[in-house]
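Welcome! Please take a look at the model below, and then use the short briefing that follows to find your way around.

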Amino acid sequence: MKLGRWFKSFMNNEKSGGLVLVACTLVSIILANSPITRHYFSFWHLPLAGQPIEYWINDGLMAIFFLLVGLELVQEIYEGELSNFKNALLPISGAMGGMLVPAAIYLAFNWGTTTQSGAGIPMATDIAFALGILSLLGKRVPFSLKIFLTALAVIDDLGAIIVIAVFYATSIVWTNLIIALIVFCILLFLNKKLKVNKITPYLIGGIIMWYFMLNSGIHATIAGVLLAFAIPYRKGISRSPSQRVQHWLHRPVAFIILPLFALANTAIVIHDGWLQTFTEPFAIGIILGLAVGKPIGIILACWTMVKLNICRLPDKLDWKRLSGIGMLGGIGFTMSIFISLLAFDDITTINNAKLMILVASLISGILGYIWLNKVLKTNK
């Protein structure tokens, strides 16, 4: 009975998804450097319906993750921090600065090289980990900090999605892309004109859209985001279709999809001489981009907007606290690893890029926690 209550409490705790993700990452790294490493890698390449298991995780299950990201973005637009344009300007500006400055830092070290395509890697923020670390600080965290970080990370995710769609598309098969977009338009018609609230037609249409997007050259996960905008969100209704789907997906994404993604994609082999990797241009670009570029970009963009009187800091969000949020923004993880898989073809480069992402995210998470722990103690 006690075990059942503990399990229920664990599943409902917002920190739990991050803890499971960390555990799966550690397990994956340990197994990748153990005597069974060959069998571990072989498992993810076992064929399933004609494709490796890893393929179905990255191109199939991750589309569901992107659907959840899109649903959270829709909710923010309708009823959250992004529903008021003036209030939304500050996190939008912070997110833009937090994407452009890291990308610029990365390109400063990699322009004209074979790793130039990795500029999108340090642009991303992992919302689950960032909010998980913020929650470790307990009730001392003002609600405005959590709201700002959530809005920032959601906009950041949208930016990452756009980067994936625009810069990491392969040769486009226009027929399939057009069919996918026609399906999207039909779903929008069901939502806006016919006011269909049953979820089934949207899910069926989403699967069809995913299939054609998968075979279009645009990454299939984009279909998840498009579906999120097609599913009805009815303001004033306590359980609109969009909110119901979002509620259904939270646990499967947190406790199944992202852990599987971590197990399949963070199997980082640590070779002899791995320390030399830190001197590689792409490694410097990733670490400096996430750990330094993120906080600088977020703070600088927000400071500029406030000084120009375009927007103001929310209550209980001063520059010291915003600095801590900027540091947490440097936790890339899921999105950054996902982009690294698209940016590079060489297995060794992908492996080393993942290692740099983990290092940079660890640095950002520790610095953000220490800084906010100190600031929130001295600013009660």
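Two helix axes count as roughly parallel when their angle is under 35 degrees, as roughly antiparallel when it is over 145, as roughly perpendicular from 65 to 115, and as oblique for the rest. This is a predicted model, in which local features need pLDDT of at least 70 and side-chain atom pairs count only at pLDDT 80 or more, while totals for chains, interfaces and linings use all residues. Residues are numbered from 1 along each chain as its sequence is written, and side-chain values use heavy atoms, with hydrogens and water left out.

**Confidence**
- The chain has a mean pLDDT of 88 (the predictor's confidence in each residue, from 0 to 100), and 95% of its residues reach 70 or more.
- Among the elements of the chain, helix α12 (residues 281–307) has the highest mean pLDDT, 96, and helix α1 (residues 2–12) the lowest, 51.
- Where pLDDT is low, the predicted coordinates should not be read in detail.

**A pair of helices**
- Helix α2 (residues 16–32) packs against helix α3 (residues 37–44) at an angle of about 125 degrees, with the axes 7 Å apart.
- α2 and α3 are therefore oblique to each other.
- On the α2 side S28, L31 and A32 take part, and they meet T37, Y40 and F41 in α3 (contact means heavy atoms within 4.5 Å).

**The second largest pocket**
- This pocket has a volume of about 770 Å³.
- Of its 28 lining residues, E54, N58, L341, I347 and I350 are the closest to its centre.
- Two or more lining residues come from each of α3, α4 (53–79), α14 (333–343) and α15 (347–378).
- α15 gives the most, with five residues.

**The cavity**
- On a 1 Å grid over the protein atoms alone, a cavity is a set of points where a 1.4 Å probe fits but cannot get out; a pocket is an open set with protein on both sides within 12 Å along at least five of seven lines, and lining residues have an atom within 4 Å of a point.
- The whole structure holds one cavity of 30 Å³ or more.
- The largest cavity has a volume of about 40 Å³.
- Its lining includes F65, D126 and M335.

Conventions: Axes fitted to C-alpha atoms, helices over the stretch in contact; angles between N-to-C directions. Helix = DSSP H or I, 4+ residues; strand = E, 2+ residues; numbered from the N terminus. Points joined across faces, edges and corners; volume = space filled by probe spheres on them.
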